[in-house]
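Hi,

Here is the structure I promised to pass on. Have a look at it first, and my notes follow underneath.

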Amino acid sequence: MPMERYVNGLLLRGEVIPDKWVIRTWECNGVMERSAVPYVGWEVVYDHGFKQDGWVPGEGLEYGVLPTSSRLDSREVELAAKRKIADAEEQAERDAQVLRKSASRSKTTARRGIIAERFNELMTLTYRRSQPDRALCKKHFKEWVRRMKRALGGEFRYVAAFERQERGSMHVHLACHRLSRHVLYGGVPIKSFELGTRIWRSIIGDDNGLCFVGGKDRFGRPRRGHMSLARMAAYVSKYILKDYEDVPSGENRFSRSIGAPKVEIETVVVDCSFADLIGLVYDYRERDSVLALRPGRFNDRLWFCKEAGQPPPLVH
């Protein structure tokens, strides 16, 4: 089915080229993410005669009252009302798709941020008493990060996602670098796993919450052992998509430290069948751990992710 878009006053029409694919590869700290999507060829079908950034078709046009001879009869009014309802439903569906795509992009950014920073610790901030206010949770978390930085000598890097629990209360999942065994807090040395809870309670009230170090498993029990880098990134970032509809328009879907390393994406275009595409996308070497090789529902795209057995040196 042809696709259309407007760019600077030009009407473009795009069609999927059979057996032609765009492969994108992102690789950092031993983790590879690779996707393949159909190649779309675009052509200009109409030039409106001017080019303006951000121009929208129909913008600036004025519609006057229809002349008497062109007024709609009752049947036409009824059909127009039905079309208006149908248009509103289609627009709502498009808005929902845009919202989900935006959340998916945020999820990818968060996941890759964790991998690029090579975080190796999970933390979860919770409220004992119900606290359903997302904005207040973000405010508490921002202050928690500020105090953590101060307690750790000015450096605390992280990527965090916010989640509303089934009971309605907010909590925060984050990945960060593992702390040293002991830290100073108020001039007194304490075990590092106690630091997060002490600071969190100093903000939200004594005995009102906890900072779990190491995260929890799907049964709510403390997680044993440490997750691999790719699995940790997937674990934290999944919460961005879990309740994306609950995030107010214009607000960030996650929080992260400023200055994360930037990793370039390698893009290639290939001509082949879908069966051959699988062989091009799949990349296994000894001791690799393959985390995903998923085709699209209609074999129209492909997703591959793997993690090396021995990660390379840390990327700065």
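I'd start with the largest nonpolar core, which has 25 residues; Leu 125, Phe 141, Trp 144, Phe 156, Tyr 158, Val 172 and Leu 174 touch the most other members. By nonpolar core I mean a set of buried Ala, Val, Leu, Ile, Met, Phe, Trp, Tyr and Cys residues joined through side-chain atoms within 4.5 Å. Two or more residues of this core come from each of β4 (121–127), α2 (134–151), β5 (158–164), β6 (170–176) and α3 (192–204). There is also a second, separate core of 23 residues, with Trp 26, Ile 114, Val 159 and Leu 229 among them.

Before going further, some housekeeping. This is a predicted model: local features need pLDDT of at least 70, side-chain atom pairs count only at pLDDT 80 or more, and totals for chains, interfaces and linings use all residues. Residues are numbered from 1 along each chain as its sequence is written, and side-chain values use heavy atoms, with hydrogens and water left out.

Back to the core. Leaving aside neighbours within four places in sequence, Leu 125 is in contact (heavy atoms within 4.5 Å) with Phe 141, Trp 144, His 171, Val 172, Leu 174, Trp 200, Leu 210 and Cys 211. Phe 141 and Trp 144 turn up again in a cluster that ring pairs build with Phe 156, Tyr 158 and Phe 162. The structure holds nine aromatic pairs. For a pair, the ring centres of Phe, Tyr or Trp (its six-membered ring) must lie within 6.5 Å; planes under 30 degrees apart are stacked, over 60 edge-to-face, and the rest tilted.

On the overall picture, the protein chain comes to five helices and 13 strands. These are DSSP runs numbered from the N terminus: helices are H or I with at least four residues, strands E with at least two. Of the 316 residues, 35% count as buried. Buried is under 20% relative accessible area, exposed over 50%, and partly exposed in between (1.4 Å probe, protein chains only). Among contacts in the chain with a separation of 6 or more, 68% are between residues 24 or more positions apart.

Which strands pair with β13? Six bridges join β3 (residues 31–47) to β13, antiparallel, and another antiparallel set of six joins β12 (residues 289–295) to β13. Pairing here needs at least two DSSP bridges between the strands. On the β3 side, Arg 34 stands opposite Phe 304; on the β12 side, Ser 289 stands opposite Glu 307. β12 and β13 form a hairpin with six residues between them, and Asn 299 in the turn has a positive phi of about 55°. Five of the six residues of β13 (302–307) are buried.

Leu 293 lies in β12 and is partly exposed, at 36% relative accessibility. Apart from neighbours within four places in sequence, Leu 293 is in contact with Ile 278, Tyr 282, Leu 302, Trp 303 and Phe 304.

You may wonder about the cysteines. How many disulfides does the structure hold? Zero, taking a disulfide as a pair of cysteine sulfur atoms within 2.5 Å. Cys 137 is buried at 0% relative accessibility, and Cys 305 is buried at 8%.

One last detail: Lys 20 lies over the face of Tyr 39, at 4.6 Å from the ring centre. That label needs NZ of Lys or CZ of Arg within 6 Å of the ring centre and within 35 degrees of the ring normal.

Cheers
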